[in-house]
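Please walk through this model one sheet at a time. The text below takes the strands, then the helices packed on them, then the charged pairs.

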Amino acid sequence: MGNNLLTINRDTQRMVYSVHPDGFLNESVVDSLSSGVIFSDDNGILTFMNRKAETLLNVFKETVIGKRIDMLPLRTPLYKVMSEDCREFSLEMNIFGRIIEVRSSELLSPDNEVLGNITELFDVTEERRERRNREEFVAKMTHDLKSPLMVMQGYMQAIKLGMLGKVDPNLGKIIDDMARSGKSLHSMIEDLLDIYRLEMGLVQILRRSCDAAELLENCCRDRQMEADEFGISLDLTIPCPLPMVELDEKQMTRVFANIIGNAVKFTPRDGSIAISAIMQDDNLHIAVHDTGIGISEKDLPRIFTKYYRSENAAGFKGSGLGLALSKEIVEAHGGRIEVVSTEGMGSIFTIIIPIREQV
Ligand code: ADP
């Protein structure tokens with residue numbers, strides 16, 4: 001046997017660890033894997049652990065095989081790993097100073113009968129360290145780009161104001177275009193730096209009691225001109241007065257500006273955008289509904305990933321950072337962003353934030 005130990009389930013495209021009909025498992029193959037592997041049966045009893053799992057969790061399999069997971073000593077790394085549900089999303093855990101990615105899935109027999117659970121452990125310490133170094137380097141470079149850009153912007157402003165002599169009227173428009181491009185480059189640099197700072201936990205969310213209705217009105221006003229230019233209606237409805245909300249006003253303004261800005265950007269001429277804000281339980285729900293290009297099912301799970309832009313967004317300006325940044329900010333407020341969309345029909349982005357800081 002052994003041939004059918006690791007196979008791909010054609011329906012789910014997931015790795016299947018098959019057990020031979022006689023119950024014989026090719027241990028030497030699983031032992032030579034570079035990832036840790038642990039099996040438990042459908043009664044939650046540990047049935048197998050490979051050598052790598054023993055090393056990563058600093059445990060001898062002889063002392064734990066045959067035991068129920070819920071009977072393992074609570075503070076051990078093995079309990080920590082096995083007690084988490086990592087079926088839908090993998091989890092990263094710090095175990096003895098190393099970063100271990102934990103994934104689990106069903107353990108299936110060759111005829112797809114569920115035999116139990118398989119937990120896989122990947123040591124991603126070096127990858128994460130490298131990624132962090134790379135991100136630090138990019139953040140430093142990005143920060144350094146600001147100084148020369150600011151010098152250029154300063155001179156452009158001085159030229160525009162005639163401080164360096166009379167400007168040929170033919171150059172006026174060119175200088176305006178240069179100033180606009182400089183401003184958009186500046187805001188892209190700020191977005192890049194902010195996302196880095198947020199991910200590294202370097203941004204403090206400063207919650208203060210604020211008037212969310214006023215904040216939304218201001219964000220809509222800022223986009224009104226652009227919407228008018230394309231004949232897009234932009235309506236804000238607040239059916240009941242909103243209470244004062246504890247938010248970081250500056251950061252949340254960026255979130256609303258980004259999501260309303262996207263709605264305007266991705267909605268074709270003569271479309272409509274409806275924004276509503278209501279209280280539900282102790283949460284503020286702000287829904288931004290547009291009749292724009294929509295997002296395909298394939299793209300939906302990826303739009304909050306840094307730099308990701310869907311194919312149908314190719315003709316529109318953007319950096320793919322806005323939603324990633326918005327998600328980080330909303331999550332730092334203890335909230336979440338939900339999206340429902342149909343390609344070609346439109347999208348609804350809903351921002352849900354608790355009105356008070358949760359402790
Ligand atoms: P950007 O707008 O700069 O491309 P975002 O991070 O704000 O970056 O958005 C990421 C991607 O999500 C967009 O490129 C687009 O594919 C999709 N998207 C976001 N908002 C909408 C929307 N309202 N309608 C259609 N697609 C959207």
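Helices (H or I, at least four residues) and strands (E, at least two) are DSSP runs, numbered from the N terminus. The model is predicted, so local features need pLDDT of at least 70 and side-chain atom pairs count only at pLDDT 80 or more, while totals for chains, interfaces and linings use all residues. Residues are numbered from 1 along each chain as its sequence is written, and side-chain values use heavy atoms, with hydrogens and water left out.

Two strands count as paired if DSSP finds at least two bridges between them. Strands of a sheet pair through backbone hydrogen bonds, either parallel or antiparallel. One open sheet here has five strands in the order 4-3-7-6-5, with antiparallel pairing. Its edge strands are strand 4 (46-49) and strand 5 (91-95), each of which pairs on one side only. On average, neighbouring strands of this sheet are turned by 25° against each other, direction ignored. For such angles, axes are lines fitted to C-alpha atoms, for helices over the stretch in contact, and the angles run from 0 to 180 degrees between N-to-C directions.

Strand 3 (residues 36-41) pairs with strand 4 in the antiparallel sense over three bridges, and Ile38 stands opposite Met49 in strand 4. The hairpin of strand 3 and strand 4 has four residues between the strands, and in it Gly44 takes a positive phi near 75°. Ser40 is also found in strand 3. Is Ser40 buried or exposed? Ser40 has a relative accessible area of 4% and is therefore buried; buried means under 20%, exposed over 50%, and partly exposed in between (1.4 Å probe, protein chains only). Leaving aside neighbours within four places in sequence, Ser40 is in contact (heavy atoms within 4.5 Å) with residues including Ile69, Met82, Leu115, Gly116 and Asn117.

Further along the sheet, strand 6 (residues 98-108) and strand 7 (residues 114-123) run antiparallel and are joined by nine bridges. The bridge partner of Leu107 in strand 7 is Gly116. Helix 5 (residues 125-160) packs on the sheet and touches strand 5, strand 6 and strand 7; its direction makes about 130° with that of strand 6.

Helix 5 also holds Ile159, which is partly exposed because its relative accessible area is 31%. Ile159 belongs to a nonpolar surface patch with Val151, Tyr155, Leu161, Met163 and Leu164, and together they have about 650 Å² of accessible area. Patches are made of residues with over 30% relative accessible area and no salt bridge, like charges being joined within 9 Å and nonpolar side chains (Val, Leu, Ile, Met, Phe, Trp, Tyr) within 5 Å. The areas come from the Shrake-Rupley method with a 1.4 Å probe; for residues, only the protein chains shown count as cover.

The second sheet is also open and has five strands, in the order 9-11-12-14-13, with mixed pairing. Strand 9 (233-237) and strand 13 (336-342) each have a single partner strand, so one side of each is left without a neighbour in the sheet. Neighbouring strands here are turned by 15° against each other on average, direction ignored. Strand 13 pairs with strand 14 (residues 346-354) in the antiparallel sense over seven bridges, with Ile337 opposite Ile351 in strand 14.

Two helices lie across this sheet's strands. Helix 7 lies across strand 9, strand 11 (272-280) and strand 12 (283-290), running at about 175° to strand 9. Helix 8 lies across strand 9, strand 11, strand 12, strand 13 and strand 14, running at about 170° to strand 14.

The charged pairs come last. A salt bridge is a side-chain nitrogen of Lys or Arg within 4 Å of a carboxyl oxygen of Asp or Glu, and by this rule the count comes to 25. Arg128 forms one with Glu92, the closest N and O atoms being 2.6 Å apart. This pair links distant parts of the chain, with Arg128 in helix 5 and Glu92 in strand 5, 36 residues apart. Arg128 is buried, at 16% relative accessible area, whereas Glu92 counts as partly exposed at 43%. Both belong to a network of salt bridges that also links Glu101, Arg103 and Glu127.

Arg254 forms a salt bridge with Asp191, with 2.7 Å between the closest N and O atoms. Arg254 lies in helix 8 (residues 249-265) and Asp191 in helix 6 (residues 169-199), so the pair ties together parts that are 63 residues apart in sequence.
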